[in-house]
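Me: Could you walk me through a protein model, one question at a time?

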Amino acid sequence: MAFPGTRTAVEWLAAAAPDPEACRWEWERGPLGVALLPAGRQWDLLIVPGELGAAALGVLRMLPAPPGPVLAAPRTARLGFFVPPGTASRWIGTGVRGAGRGSWIAVPYPGRTTAGPRWLEFPDGRGTLTDPALLELALHEAAARALTGER
């Protein structure tokens, strides 16, 4: 099952790999349907606890500009927000982990279902990333709503 823009999303993601052809091969023929991609080149990942991350994603979706790609890791109940390179090394926040240069991320093929990570927000192929300042505000809003019992 593909979504509009799958080809450009695949090209954009594969460009982050040391060997883009090997990345595509792993997605298309590998048994897991995921490829390991290095963070810190085209993007970093901010990894947020699932409930807080889902609430923050809901806040981001209300904004006029769409958020960047977001992965969900069902086994660990965490969400990964794709943010500009360098963000992970500067981020200070309780419970939020950063994956930047030197980190590798299991990334599924856009639009395909895997037993591992899955896309909540697909990459658009143009390189749109979540603005870290907006993510921080969305996390604060989500936390405040959780404290007051609001959804």
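Reply: Happy to; here are some notes on the model, then a few questions with answers.

This is a predicted model, where local features need pLDDT of at least 70, side-chain atom pairs count only at pLDDT 80 or more, and totals for chains, interfaces and linings use all residues. Residues are numbered from 1 along each chain as its sequence is written, and side-chain values use heavy atoms, with hydrogens and water left out.

Me: Which residue forms a salt bridge with Arg24 at 2.6 Å?

Reply: Side chains of opposite charge can pair when their charged atoms come close. A salt bridge here is a side-chain nitrogen of Lys or Arg within 4 Å of a carboxyl oxygen of Asp or Glu. The partner lies in helix α2 (residues 20-29) together with Arg24, three residues apart, helices being DSSP runs of H or I with at least four residues, numbered from the N terminus. With the closest N and O atoms 2.6 Å apart, the partner of Arg24 is Glu21.

Me: Is Arg24 buried or exposed?

Reply: Buried means under 20% relative accessible area, exposed over 50%, and partly exposed in between (1.4 Å probe, protein chains only). Arg24 has 15% relative accessibility, so Arg24 counts as buried.

Me: Which residue meets Arg145 in a salt bridge?

Reply: The partner and Arg145 both lie in helix α5, four residues apart, about one turn of the helix. Their N to O distance is 2.8 Å, and the partner is Glu141.

Me: How many salt bridges are there by this rule?

Reply: Among them is the pair Asp124 and Arg126, at 3.2 Å from N to O. The count of salt bridges comes to five.

Technical notes:
Helices (H or I, at least four residues) and strands (E, at least two) are DSSP runs, numbered from the N terminus.
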